[in-house]
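Look at the model below and follow the chain from end to end. Then read on for a short tour of its inside and its surface.

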Amino acid sequence: MRRTTGRLLRGMAILSVLALGATACGGSGDDSSSTKAVSASDIQAALQKGGSVTVWAWEPTLKTVAADFQKKYPKVKINLVSDRSGDKHYTALSNAIAAGKGVPDVAQVEYFALSQYSLTKGLTNLTPYGADKLASSTRPVRGTR
């Protein structure tokens, strides 16, 4: 459990920092040409400045992960919405995307559902924010592919 929590904490840190960085660097549109890569100093500055990150996810250990993250980075508030899963989660997410408001910074989406959000442009490519450079800092959890 401790090993999985540590990995989830790292994953939450990366996603939260990317969300904070995207908020700080991105514009109101979806034009990726206006974004800049997020550097390590940008990440530290975002964590020190603080802010809030809304996460829609039902994975049960995320409550502990969010609490641990907030202990480590007290200026960053994680708003964890975990009261729904399955169809209710995806309906709420699809409705928020369609409305263009109320969309979370981070959402848990199962592999089978990714294509529906990809086809409707409901996903954000995080490469312009430096996500491709962070891939080596995470390792898959044993037992997953």
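Start with helix α3, residues 62-72, whose buried residues are Leu62, Val65, Ala66 and Phe69. They all sit on the same side of α3, because they cover an arc of only 100° around the axis. That arc is taken from the directions that run from the helix axis to the C-beta atoms. On the face turned away from this buried side, α3 carries the exposed residues Lys63 and Lys71. Buried means under 20% relative accessible area, exposed means over 50%, and partly exposed lies in between (1.4 Å probe, protein chains only).

This is a predicted model: local features need pLDDT of at least 70, side-chain atom pairs count only at pLDDT 80 or more, and totals for chains, interfaces and linings use all residues. Residues are numbered from 1 along each chain as its sequence is written, and side-chain values use heavy atoms, with hydrogens and water left out.

**The whole chain**

The protein has six helices and three strands. Their order from the N terminus is α-α-β-α-β-α-β-α-α. Helices (H or I, at least four residues) and strands (E, at least two) are DSSP runs, numbered from the N terminus. Of the 145 residues, 27% count as buried. Among contacts with a separation of 6 or more, 75% join residues 24 or more positions apart. Contact here means heavy atoms within 4.5 Å. The accessible surface comes to about 9300 Å², and carbon and sulfur atoms hold 54% of it. Accessible areas come from the Shrake-Rupley method with a 1.4 Å probe; for residues, only the protein chains shown count as cover.

**The cores**

In soluble globular proteins, nonpolar side chains tend to be buried together. A nonpolar core is a set of buried Ala, Val, Leu, Ile, Met, Phe, Trp, Tyr and Cys residues joined through side-chain atoms within 4.5 Å. The largest one has 15 residues, and those with the most contacts inside it include Leu47, Phe69, Tyr73 and Ile78. Two or more residues come from each of α2 (40-49), β1 (51-56), α3 and β2 (76-81). The largest share, four residues, comes from α3. A second, separate core has six residues, among them Trp56, Ala96, Ala113 and Tyr117.

**Four residues up close**

| Residue | Place | Relative accessible area |
|---|---|---|
| Tyrosine 73 | loop between α3 and β2 | 16%, buried |
| Histidine 89 | helix α4 (residues 86-99) | 1%, buried |
| Leucine 114 | helix α5 (residues 114-119) | 32%, partly exposed |
| Lysine 121 | loop between α5 and α6 (131-134) | 72%, exposed |

Tyrosine 73 and glutamine 48 are 25 residues apart in sequence, yet 7.6 Å apart in space, C-alpha to C-alpha.

Which residues does histidine 89 contact, leaving aside its neighbours within four places in sequence? They are Trp56, Ala57, Trp58, Arg84 and Gln108.

Leu114 joins Tyr111 and Leu123 in a nonpolar surface patch, with about 340 Å² of accessible area together. Patches are made of residues with over 30% relative accessible area and no salt bridge: like charges are joined within 9 Å, nonpolar side chains (Val, Leu, Ile, Met, Phe, Trp, Tyr) within 5 Å. A salt bridge is a side-chain nitrogen of Lys or Arg within 4 Å of a carboxyl oxygen of Asp or Glu.

Last comes a backbone angle. Most residues other than glycine have a negative phi. Lysine 121 has a positive phi, near 60°.
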